[in-house]
Amino acid sequence: MATLALGCLYLLAALFCVWLLKNNFNFFGFIFNPANKKFYFIFDLIFISICILAISEQVHWLLIVLFLMHVLNSGVLLLDSNNFYESENQIRELGETALIYFGIGILSVAGIFSIYIAYL
């Protein structure tokens with residue numbers, strides 16, 4: 001049940017990002033604003049909690065990878081946040097829209113595979 005909820009949460013996050021992109025939301029202005037640091041931790045804490053529940057329900061390598069990605073993301077933001085905020089120009093050079101589409105794709109793939117794992 002938790003794995004299914006995790007997959008649905010990933011897909012909802014992807015749909016929400018698509019909606020924000022359609023409405024011309026400034027993703028990089030939001031991401032690189034240090035005032036939004038608490039939002040990232042709360043966002044990752046929700047995913048970490050559901051990942052732990054999903055892993056306790058059904059151990060699968062993909063769920064462990066998703067869990068570790070969220071823990072690593074929170075750890076880097078907590079321990080090395082200055083480096084993260086200083087890398088804004090380097091990330092912008094890669095192309096903002098392409099990175100947003102990549103993030104939406106990752107969220108969608110994680111959601112689809114989490115739902116698939118729930119039905120194994």
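**The α3–α4 loop and its helical surroundings**

Gln-58 lies in the loop that links α3 to α4. The model is predicted. From this loop, the side chain of Gln-58 comes to 2.8 Å from the backbone oxygen of Ile-117. Setting aside residues up to four places away in sequence, Gln-58 touches Thr-3, Leu-63, Ile-117, Ala-118 and Leu-120. Ile-117 is also listed among the buried residues of α7.

The protein chain contains 7 helices and 0 strands. Its pattern along the sequence is α-α-α-α-α-α-α. The radius of gyration is 15 Å, close to the 14 Å that the globule rule gives for 120 residues, so the protein chain is as compact as a globular protein of that length. The C-alpha trace spans about 40 × 35 × 20 Å along its principal axes. Of the contacts between residues at least 6 apart in sequence, 79% join residues at least 24 apart. Buried residues make up 32% of the 120 residues in the protein chain. The exposed area is about 7700 Å², and 72% of it comes from carbon and sulfur atoms.

Helix α3 covers residues 37-57. With 21 residues at 1.5 Å a residue, α3 should span 30 Å; its end C-alpha atoms are 30 Å apart, which agrees. Buried positions in α3 are Tyr-40, Asp-44, Phe-47, Ile-48, Ile-50, Cys-51, Ala-54 and Ile-55. An α-helix has 3.6 residues a turn, so residues three or four places apart point the same way. The buried residues of α3 pack against four helices by name: α1 (2-22), α2 (27-31), α4 and α5 (81-86).

Helix α7 runs over residues 96-118 and has 23 residues. From first to last C-alpha, α7 reaches 33 Å, close to the 33 Å expected at 1.5 Å a residue. Ile-100, Ile-104, Leu-107, Ala-110, Gly-111, Ser-114 and Ile-117 are the buried residues of α7. Their cover includes α1, α2 and α4. Helices α1, α2 and α4 also appear among the elements that pack against the buried residues of α3.

Aromatic side chains were examined next. The count comes to 10 aromatic pairs. In one of these, the ring centres of Phe-30 and Phe-39 are 5.3 Å apart and the planes stand at 75 degrees; an angle over 60 counts as edge-to-face, so this pair is edge-to-face. Phe-30 has a relative accessibility of 27% and therefore counts as partly exposed, since that value lies between the 20% and 50% cut-offs. Phe-39 is likewise partly exposed, with a relative accessible area of 43%. Both rings belong to one aromatic cluster, formed by Tyr-10, Phe-25, Phe-27, Phe-30, Phe-39, Tyr-40, Phe-43 and Phe-47. Two members of the cluster, Tyr-40 and Phe-47, are among the buried residues of α3.

Helix α4 spans residues 61-79 and contains Met-69. The relative accessible area of Met-69 is 45%, so Met-69 is partly exposed. Met-69 and Met-1 are 68 residues apart along the chain, and their C-alpha atoms are separated by 21 Å.

Technical notes:
Residues numbered from 1 in each chain as written. Predicted model: local features only at pLDDT ≥ 70, side-chain atom pairs only at ≥ 80, totals over all residues. Heavy atoms only, no water. Buried < 20%, exposed > 50% of the residue type's maximum accessible area, 1.4 Å probe, protein only. Expected span 1.5 Å × (residues − 1). Contact = heavy atoms within 4.5 Å. Polar contact = N/O pair within 3.5 Å; in protein donor to acceptor, adjacent residues only side chain to side chain. Rg over C-alpha atoms; globule rule 2.2 N^0.38 Å. Areas by Shrake-Rupley, 256 points an atom, 1.4 Å probe, with all protein chains shown as cover. Phe/Tyr/Trp six-rings, centres within 6.5 Å; stacked < 30°, edge-to-face > 60°.
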